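Here's a quick briefing to read with the model open in your viewer. The bullets are grouped by topic, so jump around as you like.

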Amino acid sequence: MTANRTVTRNLTRALRPMAGAPLLFGLIAFLTPGPALAADDPAVKDGPAPQETPATPGIEHALPIGPAGLLPAAAADHPVGAEDLLEISVFEIPELNRTVRVSERGTISLPLLGEMEVRGLTAMQVEDRLRDALTQKYLQDPQVSVFIREYGSKKVSVIGAVGKPGVYEMLGPRTLLQILSEAGGLEKEAGSHLYVIRAAPEGTTETIPVGVGDLLMNRNPELNLAVQPGDVVSVPIDRPVYIYVDGAVKTPGRLEELASRPITLLQAIAKAGGTTERASLKGIKILRRGADGTQTDIPVNLKRIRQGRQSDPLLEEGDVVVVPETFF
């Protein structure tokens, strides 16, 4: 009797004035604990039963702290997905509080409201949807809060030059640095950029480049992206490329460089020991072979480059720098 009076008092305070008392008492009877539904009850047949998990006392819902003490942006913007565990509270009406798991169809089932689609919404958007539904049918200005207690089957793949490539469960919001740390960090042969490959709503994919140096060394917070479920973090292995310097240089031959660190003409000549006294600085050519096998001769004036009057060109894999000798 005491429990029934409490339920009645709470709901009477919150329910908007309605015509007729039967609906009020029907709602109270629905929310008051009673015998379990029979197996042939229509409510069981028409939709899945709420997947409830008792709230665990004493668990602090603290968000993981990212670099420089920043909270990851994923905390507020993370979309709800299948198997997530949602903690739903309605202020001053504990009978409506629930901890429910999102179904494979992306729905939750709640008393009074039935089945509701929540897949792809943020926690704040779920709050708005529940608030609107309760306002339209039952309550006056309900205060609803939704917390994503557990991220269910959300996974992120990390591939390439990391210590432990693989698939990682997202048990909460994660940033790019946190995922890389869980994957054992970057290997020495990692390139200068990594890529976050993300599925777009229209079925396409988006590739987001991230500068490794700026992320790890400079700790640029804009590059520490909020990782989303289904993302693939690709860390390409740097590969060697070869440049050739021939002619009037002190040590002609092949230069081995990394694809992530292309060098310029001035740098290549410096690595070849510099030009000789008989070098023709105005007659240098870069021989570059295209994908179809044709060769292009690119004239370069080294004297102008040194004077800052001409840009220092970047060399590409397979380029041959020819430094001719002067005839005078």
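Let's start with threonine 107: its relative accessibility is 8%, under the 20% cut-off, so this residue counts as buried. Keep in mind that the model is a predicted one. From threonine 107 we'll move out to its hairpin, then to the cores, an open sheet and the salt bridges.

**Threonine 107 and its surroundings**

- Threonine 107 sits in strand S3.
- Its side chain makes a polar contact of 2.9 Å with the side chain of serine 103.
- There's also a polar contact of 2.9 Å between the side chains of threonine 107 and glutamate 115.
- Leaving out residues up to four places away in sequence, threonine 107 touches Arg101, Val102, Glu115, Met116, Glu117 and Val118.

**The S3–S4 hairpin**

- Strand S3 covers residues 107–110 and has both faces covered. Thr107 and Ser109 are buried on one side, while Ile108 and Leu110 are buried on the other.
- How does S3 run relative to strand S4 (residues 114–117)? The two are antiparallel, and four bridges join them.
- If you want one pairing to look up, serine 109 has glutamate 115 as its bridge partner in S4. Glutamate 115 is also the residue whose side chain makes that polar contact with threonine 107.
- Three residues lie between the strands of this hairpin, and leucine 112 takes a positive phi there, near 75°.

**Nonpolar cores**

- How many residues does the largest nonpolar core have? It has 26, and the ones with the most contacts inside it are Leu86, Ile88, Ile108, Leu113 and Leu130.
- At least two residues of this core come from each of strand S1 (85–90), S3, helix H5 (123–137) and strand S5 (144–150).
- H5 gives the largest share, with five residues.
- Ile108 turns up in two places: among the residues with the most contacts in this core, and among the buried residues of S3.
- Leucine 113 touches Leu130, Ala133, Leu134 and Tyr138, again leaving out residues up to four places away in sequence.
- A second core, separate from this one, has 22 residues, including Leu177, Ile179, Val196 and Val235.

**The open sheet**

- Which strands make up the open sheet, and in what order? There are five, running S7-S6-S12-S9-S10, with mixed pairing.
- Strand S7 (166–169) and strand S10 (205–211) are the edge strands, each pairing on one side only.
- On average, neighbouring strands here are turned by 20° against each other, with direction ignored.
- S9 (residues 193–199) and S10 run antiparallel and are joined by seven bridges.
- Within that pair, valine 196 has isoleucine 208 in S10 as its bridge partner. Val196 also belongs to the second core.

**Salt bridges**

- Side chains of opposite charge can pair when their charged atoms come close.
- Searching the whole structure turns up 11 salt bridges.
- One of them joins aspartate 231 and arginine 198, with the closest N and O atoms 2.8 Å apart. Aspartate 231 is in the loop between strand S11 (226–227) and strand S12 (232–235) and arginine 198 is in strand S9, so the pair ties together parts 33 residues apart in sequence.
- Are aspartate 231 and arginine 198 buried or exposed? Both are buried.
- Another salt bridge pairs arginine 239 with glutamate 317, the closest N and O atoms being 2.9 Å apart. This one links distant parts of the chain: arginine 239 is in the loop between S12 and strand S13 (240–247), glutamate 317 is in the loop between helix H9 (302–306) and strand S17 (320–323), and they're 78 residues apart.
- Arginine 239 is partly exposed at 45% relative accessible area, and glutamate 317 is partly exposed at 47%.
- Arginine 278 and glutamate 325 form a salt bridge too, with the closest N and O atoms 3.7 Å apart. Arginine 278 lies in the loop between helix H8 (265–271) and strand S15 (284–289) and glutamate 325 in the segment after S17, so this pair ties together parts 47 residues apart in sequence.
- Arginine 278, with a relative accessible area of 47%, is partly exposed, and glutamate 325 is partly exposed at 44%.
- Arg288, Glu316 and Asp319 are joined into one network by salt bridges that share partners.

Notes
Residues are numbered from 1 along each chain as its sequence is written. This is a predicted model: local features need pLDDT of at least 70, side-chain atom pairs count only at pLDDT 80 or more; totals for chains, interfaces and linings use all residues. Side-chain values use heavy atoms; hydrogens and water are left out. Two strands pair if DSSP finds at least two bridges between them. Axes are lines fitted to C-alpha atoms, for helices over the stretch in contact, and angles run from 0 to 180 degrees between N-to-C directions. A salt bridge is a side-chain nitrogen of Lys or Arg within 4 Å of a carboxyl oxygen of Asp or Glu. Buried means under 20% relative accessible area, exposed over 50%, partly exposed in between (1.4 Å probe, protein chains only). A nonpolar core is a set of buried Ala, Val, Leu, Ile, Met, Phe, Trp, Tyr and Cys residues joined through side-chain atoms within 4.5 Å. Contact means heavy atoms within 4.5 Å. A polar contact is a pair of N or O atoms within 3.5 Å; within protein, one must be able to donate a hydrogen and the other to accept it, and residues adjacent in sequence count only if both atoms are side-chain atoms.
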